[in-house]
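Reader: Before accepting the terms applied to this structure, I should like to see how each of them is justified. May we take them in turn?
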Amino acid sequence: MVEFQGQRLRDASHVVVFTGAGVSAESGIPTFRDALTGLWERFDPAVLATADAFRKDPALVWGWYEWRRSKVLAAKPNSAHLAIAELARLVTRLTVITQNVDDLHERAGCHGVIHLHGSLHSPRCFACARPFEGATDQLNDHEDGRRIEPPRCRHCNGKVRPGVVWFGESLPEHAWREALAAVRDCDLLLSVGTSGLVQPAAEIPRIAREHGAVVVHVNLQRESVHGEREFSLIGKAAEILPRLLTQANK
Ligand code: APR
């Protein structure tokens, strides 16, 4: 079994890095489905991350997202985020597509990040959908599970919701279109720290492979691979990405 070598990143004309919660795990941000530390432990996102839950109990849902936002504000980009930003400066063309709603790729120095599931930093009115520019609740003493009344929209007085894609909602049309164009064009795709369970984002590695790209999975566990042009690198993103960067720099 040939191991993937980072030098191949240098030869690629367009690299796509597709990330999930696993790339932010070593920044201390819980993933969704890791049994011990996952966000599912305390609350079930499949229940809370829905418009219905927000209608029924806006303070609980807003409070849960404010808790998640407080963890993001307290976190720092880890060496996986930093290695991806460095790679973007090294290879001919690199596009980052993320399922994460944190801004750690941007804080590591990446530009033009495509957020398929929105962002914790773009709240908007639940009623009129206008972006909410006001200041939100002080987060310093926020703990998991505290209810917080969401702020109100200046234009229509509707409740403000998190700017993330909830279960049952469609992805931002522009982001999905932009992501598909990059995935179909790339000749190498790194899929980093995703369980591949949530559609349609989970289709991305298959679409890349079907368009002739080399696909490299980086995950704690082995990923099933198809043929000679797909690889599964097992380990922590914060260790593997810097190693790939070192190899690409050779
Ligand atoms: N390095 C690499 N991979 C890791 C690490 C790490 N340090 N820690 C965890 N992982 C892997 C896990 O093995 C798992 O496969 O990251 C993946 C995290 O999976 P999920 O928690 O399901 O997160 P994600 O794939 O991003 O979920 C997709 O589901 O809940 C929705 O909208 C939410 O965007 C999210 C989507």
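**The ligand and its surroundings**

Author: In this predicted model, the ligand takes up the space of the largest pocket.

Reader: What makes the pair formed by E26 and the ligand a polar contact?

Author: The cut-off for a pair of N or O atoms is 3.5 Å. A polar side-chain atom of E26 lies 2.7 Å from a nitrogen atom of the ligand, so this pair falls within 3.5 Å and counts as a polar contact.

Reader: How do you know that H117 and G193 also qualify as polar contacts of the ligand?

Author: For H117, a polar side-chain atom is 2.8 Å from an oxygen atom of the ligand. For G193, a backbone N or O atom is 3.2 Å from an oxygen atom of the ligand. Both pairs are therefore within 3.5 Å.

Reader: How much of the accessible area of the ligand does the protein cover?

Author: On its own the ligand has 730 Å² of accessible area, and the protein covers 95% of this.

Reader: Which residues come nearest to the ligand, and how is the shell composed?

Author: Of the 22 residues around the ligand, E26, F32, R33, T194 and S195 come nearest. The shell divides into seven nonpolar, 11 polar and four charged residues.

Reader: Why is the ligand said to lie between domain 1 and domain 2?

Author: Domain 1 (1-28 + 76-117 + 171-250) and domain 2 (30-74 + 119-164) both contribute residues to the shell, so the ligand lies between them. The centres of the two domains, taken over C-alpha atoms, are 27 Å apart, and 13 residues of domain 1 are in contact with 14 residues of domain 2.

Methods. Residues are numbered from 1 along each chain as its sequence is written. This is a predicted model: local features need pLDDT of at least 70, side-chain atom pairs count only at pLDDT 80 or more; totals for chains, interfaces and linings use all residues. Side-chain values use heavy atoms; hydrogens and water are left out. A residue is near a molecule or strand if one of its heavy atoms lies within 4 Å of it. A polar contact is a pair of N or O atoms within 3.5 Å; within protein, one must be able to donate a hydrogen and the other to accept it, and residues adjacent in sequence count only if both atoms are side-chain atoms. Accessible areas come from the Shrake-Rupley method with a 1.4 Å probe; for residues, only the protein chains shown count as cover. On a 1 Å grid over the protein atoms alone, a cavity is a set of points where a 1.4 Å probe fits but cannot get out, and a pocket is an open set with protein on both sides within 12 Å along at least five of seven lines; lining residues have an atom within 4 Å of a point. A molecule sits in a cavity or pocket if more than half of its atoms lie within 2 Å of its grid points. Ala, Val, Leu, Ile, Met, Phe, Trp, Tyr, Cys and Pro count as nonpolar, Asp, Glu, Lys and Arg as charged, and the others, Gly among them, as polar. Domain bounds come from an automatic or database domain assignment. Contact means heavy atoms within 4.5 Å.
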